[in-house]
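Me: I am new to this structure and would like a close look at a single part of it. Please take one helix, go through it with care, and then place it in its surroundings.

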Amino acid sequence: REELKKRAHAVWSKLVDAGLDAGEYTPATKPEVEAARDAAKRASEALETKLYEAVVEHLTNVDADAAASAIADVRDMVRPTNNLPGVKWFRFDALLAAAVRAMAAARARGGRPVLFSAETLGEALLMSKVQASLSIWPFLDLLKKGDARARQVRLKLAGALDGGVDEYTLPS
């Protein structure tokens, strides 16, 4: 947890050092500054998720900054009301964190599971609390129905946490 706070502080410090927190920019650079500030805020918020904590603890070979960015993007895709009907971010976050732990444990045993493999998700369901598991069923149903946003969530996480491996397929 302390490492997460240090990383969030480092992101904010960069903005402060650049004078961006006080609005010290020219009108011509205002859009870029505001975009950088928003990106830093989103990444900083991602550092506080259960998923990010699991990634930095268990997937040491994953680029933490890329993971934070992907998690921020995924959270933005899931959080808006009814963007992914039935999927609640706080439950989805907890389940994905359990999936990361399950994936890391299987890799330590010599396996090569990926985040959205049936094996990894099954282990995550066993490891997680019942309420955390409630978000996976609507998500998997959306994937099965071909929902573009659900597929984008899966691909974004596969790219950041599995090196782009996306082996999970749903039966028709």
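**A close look at helix H8**

Reply: In helix H8, which spans residues 136–144, the buried residues are Ile136, Phe139, Leu140, Leu142 and Leu143. These buried residues lie on the same side of H8, because the arc they cover around the axis is only 155 degrees. In general, an α-helix has 3.6 residues a turn, so residues three or four places apart point the same way. The other side of H8 carries Trp137 and Lys144, which are exposed. After the helix comes Gly146, whose phi is positive, near 85 degrees.

The model is a predicted one, and H8 belongs to a protein with 9 helices and 0 strands, so that the pattern read along the sequence is α-α-α-α-α-α-α-α-α. Of the 172 residues in the protein, 40% are buried, and among contacts with a separation of 6 or more, 63% are between residues 24 or more positions apart.

Elsewhere in the protein, a pair of helices can be set beside this picture. Helix H3 (residues 50–58) packs with helix H5 (residues 89–108) at an angle of about 15 degrees, and their axes are 7 Å apart; H3 and H5 are therefore roughly parallel to each other. The crossing in which H3 passes H5 is right-handed, and the contact of H3 with H5 has 8 nonpolar, 1 polar and 3 charged residues by class. From H3, the residues Lys50, Leu51, Ala54, Val55 and His58 take part, meeting Asp93, Ala94, Leu96, Ala97, Val100, Arg101 and Ala104 in H5.

Methods:
Residues numbered from 1 in each chain as written. Predicted model: local features only at pLDDT ≥ 70, side-chain atom pairs only at ≥ 80, totals over all residues. Heavy atoms only, no water. Axes fitted to C-alpha atoms, helices over the stretch in contact; angles between N-to-C directions. Helix = DSSP H or I, 4+ residues; strand = E, 2+ residues; numbered from the N terminus. Parallel < 35°, antiparallel > 145°, perpendicular 65-115°, else oblique. Left-handed = near helix turned anticlockwise from the far one by under 90°. Contact = heavy atoms within 4.5 Å. Nonpolar A, V, L, I, M, F, W, Y, C, P; charged D, E, K, R; others polar. Buried < 20%, exposed > 50% of the residue type's maximum accessible area, 1.4 Å probe, protein only. Arc of directions from axis to C-beta.
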